[in-house]
Structure formats: structure tokens, C-alpha cells
Amino acid sequence: MEVNGARKQLFTQTSRVVVPNVGYVSGRLGDDSPASYYAVFDGHAGTYAAVYSVCHLHQFLAESPFYPTDPVQAFKEAFLKTNFHFLEKSNIE
């Protein structure tokens with residue numbers, strides 16, 4: 001996995017992540033063909049939201065019961081879960 005902007009450049013507003021095989025994250029290496037994940041997050045809502053998304057969205061996607069058979073639903077669930085946990089973490093800090 002490659003992460004750019006998440007730690008080294010914390011105060012830039014754009015972060016990206018590349019996961020060559022999501023199966024390594026999900027532990028489902030035997031499922032279908034390997035799927036890659038590429039994402040760019042613009043921190044227009046704040047740098048911390050972009051960094052949190054870089055670190056967690058692909059994990060929540062891979063953990064979704066809809067992944068890999070229904071990627072649209074898996075992404076919807078992952079976005080909602082990322083948003084929920086980020087807001088929860090923001091309220092604590």
C-alpha cells in the first residue's frame with residue numbers, strides 16, 4: 001500500500017492512497033480476481049478528514065459483507081462507516 005500526503009505532508013489538503021490488491025486488506029485472497037484501489041481525497045472539509053479517509057476507507061470497503069460481489073453497495077457502506085467514525089472521533093477530540 002502506498003500513501004502520499006497522509007503523514008509526511010499533514011498540512012497539505014490532498015491525500016492519495018494506492019492498494020494494489022484489496023484482498024490483502026480483506027483477507028479474502030481467494031475471492032474472484034485481484035482488485036486494486038486508487039483514491040484521491042481533497043481536504044476541502046479539512047485535512048484531517050482526508051487523512052482519516054486515506055487510512056480507513058479502503059479497510060471499511062474490504063470488510064463490507066457486500067465486497068466483492070456488490071461493489072456499489074460496499075462503497076456506500078464504507079463511505080457511511082468512514083463518515084460515522086470520523087465524526088465520532090472528532091467529537092471525542
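Trainee: Which exposed residues sit on the face of α3 turned away from its buried side, and what makes them exposed?

Mentor: That outer face of α3 carries Val72, Leu80 and Asn91. This is a predicted model, and in it these residues count as exposed because exposed means over 50% relative accessible area.

Trainee: And which residues of α3 are called buried?

Mentor: Ala74, Ala78 and Thr82. The cut-off there is under 20% relative accessible area, so that is the limit behind the label "buried".

Trainee: How do you know that the buried residues of α3 line one face?

Mentor: Look down the helix axis: the buried residues of α3 fall within an arc of 65°, so one face of the helix holds them. As for what covers these buried residues, α2 is included.

Trainee: What makes the end-to-end distance of α3 agree with a helix of 22 residues?

Mentor: Take 1.5 Å a residue, times one less than the number of residues. For the 22 residues of α3 that gives an expected span of 32 Å, and the end C-alpha atoms are 31 Å apart, so the two agree.

Trainee: Now the inside. Why is the largest nonpolar core called a core?

Mentor: Because its members are buried residues of the nonpolar kinds, joined through side-chain atoms within 4.5 Å. This one has 16 residues, and Val17, Val22, Tyr37, Phe41 and Leu61 touch the most other members.

Trainee: Which elements each supply at least two residues of this core?

Mentor: β2 (14-19), β3 (37-42), α2 (47-63) and α3 (71-92). The largest share is from α2, with seven residues.

Trainee: How do those elements fit into the chain order?

Mentor: There are three helices and three strands, running β-β-α-β-α-α from the N terminus. Of the 93 residues, 32% are buried.

Trainee: Where is confidence lowest, and where is it highest?

Mentor: Strand β1 (residues 2-4) is lowest, with a mean pLDDT of 51, while α3 is highest at 93. Across the protein the average is 79, and 70% of the residues score at least 70.

Trainee: How many contacts beyond four places in sequence does the model have for residues 5-10?

Mentor: The model has 13 of them, but pLDDT stays under 50 over that stretch. Where pLDDT is low, the predicted coordinates should not be read in detail.

Trainee: What share of the contacts between residues at least 6 apart in sequence joins residues at least 24 apart?

Mentor: That share is 51%. On the outside, the protein exposes about 6100 Å², and carbon and sulfur atoms supply 57% of that area.

Terms used: Residues are numbered from 1 along each chain as its sequence is written. This is a predicted model: local features need pLDDT of at least 70, side-chain atom pairs count only at pLDDT 80 or more; totals for chains, interfaces and linings use all residues. Side-chain values use heavy atoms; hydrogens and water are left out. Buried means under 20% relative accessible area, exposed over 50%, partly exposed in between (1.4 Å probe, protein chains only). Helices (H or I, at least four residues) and strands (E, at least two) are DSSP runs, numbered from the N terminus. The arc is that of the directions from the helix axis to the C-beta atoms. Contact means heavy atoms within 4.5 Å. pLDDT is the predictor's confidence in each residue, from 0 to 100. Accessible areas come from the Shrake-Rupley method with a 1.4 Å probe; for residues, only the protein chains shown count as cover.
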